[in-house]
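Colleague: I should be grateful for a close look at one part of this model, namely its salt bridges, together with an account of how their surroundings are built.

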Amino acid sequence: MRILGIAGSLRRGSHNRRLLRAAGDALAPGADLVEWDGLGGLPAFDEDLEDAPPAAVRELLDAIEDADALLIATPEYNASLPGALKNALDWASRPFPDNVLREKPVAVIGASTGLFGAVWAQAEVRKALKASGAHVLDSELPVGLADTAFAPDGGLADPELARRLGDLVGDLAREVRAPVEQSA
């Protein structure tokens, strides 16, 4: 099982990239998290180009299409999601309704240095994904005070948060398996 991880931050030392890696470590055997790192190279969404997207956009669309599920880790900028992440979601949502997000299982998590762990940004990302036709898990994982939330080994320092992250990625993996099990 291939889960595509997208961090909504372009920053090298991104807490959300760390959170994605902790999620990858929490996956059960047989599931792999592959990070997509092309967010900063995407041009601004241009509807005139949706039928023949630029190469960077095609790479994003192919990565999503090849994945069994998505895991998005978003920071919160000005009480919402980062512009670069919104731009990627806009590209992935087209052409509607037959886009690469359609029925794709997706989970959204987030970390921020504030107390609330990017809950507003997570809600905005889930809203955009649902409008695009993705199958979005209701679970969320806000990681607040992200400057101190990670242990030296890269995992979450709080055992309860680590357990919840494991549960969330387990739920995402089950969503991938559910259609396969139903058709058997």
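**Salt bridges and their surroundings**

Modeller: Asp-90 and Lys-86 are joined by a salt bridge in which the closest N and O atoms are 2.5 Å apart. The model is a predicted one. Both residues belong to helix α3 (residues 83-92), and because they are four residues apart there, about one helical turn separates them. Asp-90 is partly exposed, with a relative accessible area of 23%, and Lys-86 also counts as partly exposed, at 33%.

A salt bridge is also found in helix α4 (residues 119-131), where the partners Glu-124 and Lys-127 are three residues apart and thus separated by about one helical turn. Their side chains meet at 3.5 Å, N to O. Glu-124 is partly exposed at 29% relative accessibility, whereas Lys-127 is exposed, with a relative accessible area of 52%; the cut-off for exposed is over 50%.

Lys-130 forms a salt bridge with Asp-138, with 3.6 Å between the closest N and O atoms. Lys-130 is partly exposed, its relative accessible area being 45%, while Asp-138 is exposed at 65%. Elsewhere, Arg-17, Arg-21, Glu-35 and Asp-37 are linked in a network of salt bridges. The count for the model comes to 13 salt bridges.

The surroundings include the nonpolar interior. The largest nonpolar core has 29 residues, and those touching the most other members are Leu-4, Trp-36, Leu-60, Ile-64, Ile-72, Val-125 and Leu-129. At least two residues of this core come from each of β1 (2-7), α2 (55-66), β3 (69-74), α3, β4 (105-111) and α4. Apart from this core lies another, of 28 residues, including Ala-73, Phe-150, Val-169 and Val-176. In soluble globular proteins, nonpolar side chains tend to be buried together.

Trp-36 merits attention within the largest core. Leaving aside residues up to four places away in sequence, Trp-36 touches Leu-4, Gly-5, Ile-6, Leu-42, Ala-56, Glu-59, Leu-60 and Ala-63.

Strand β4 is mostly covered, with seven of its seven residues buried. Pro-105, Ala-107, Ile-109 and Ala-111 point one way from β4, and Val-106, Val-108 and Gly-110 point the other way. In a regular strand the side chains alternate between the two faces of the sheet. β4 pairs with β3 in the parallel sense over five bridges. Ile-72 has Val-108 as its bridge partner in β4; Ile-72 is also one of the residues touching the most other members of the largest core.

Two further places concern the partly exposed surface. Leu-115, Phe-116 and Leu-145 make a nonpolar surface patch of about 360 Å². Of these, Leu-145 is found in the loop between β6 (142-143) and α5, and is partly exposed with a relative accessible area of 44%. Helix α5 (residues 159-183) contains Arg-177, which is partly exposed at 35%. Arg-177 and Asp-68 are 109 residues apart in sequence, yet their C-alpha atoms are 9.3 Å apart in space.

Note on methods: Residues numbered from 1 in each chain as written. Predicted model: local features only at pLDDT ≥ 70, side-chain atom pairs only at ≥ 80, totals over all residues. Heavy atoms only, no water. Buried < 20%, exposed > 50% of the residue type's maximum accessible area, 1.4 Å probe, protein only. Patch = residues over 30% accessible without salt bridge, like charges linked within 9 Å, V, L, I, M, F, W, Y side chains within 5 Å. Areas by Shrake-Rupley, 256 points an atom, 1.4 Å probe, with all protein chains shown as cover. Salt bridge = Lys/Arg side-chain N within 4 Å of Asp/Glu carboxyl O. Core = buried A, V, L, I, M, F, W, Y, C linked by side-chain atoms within 4.5 Å. Contact = heavy atoms within 4.5 Å. Pairing = 2+ DSSP bridges.
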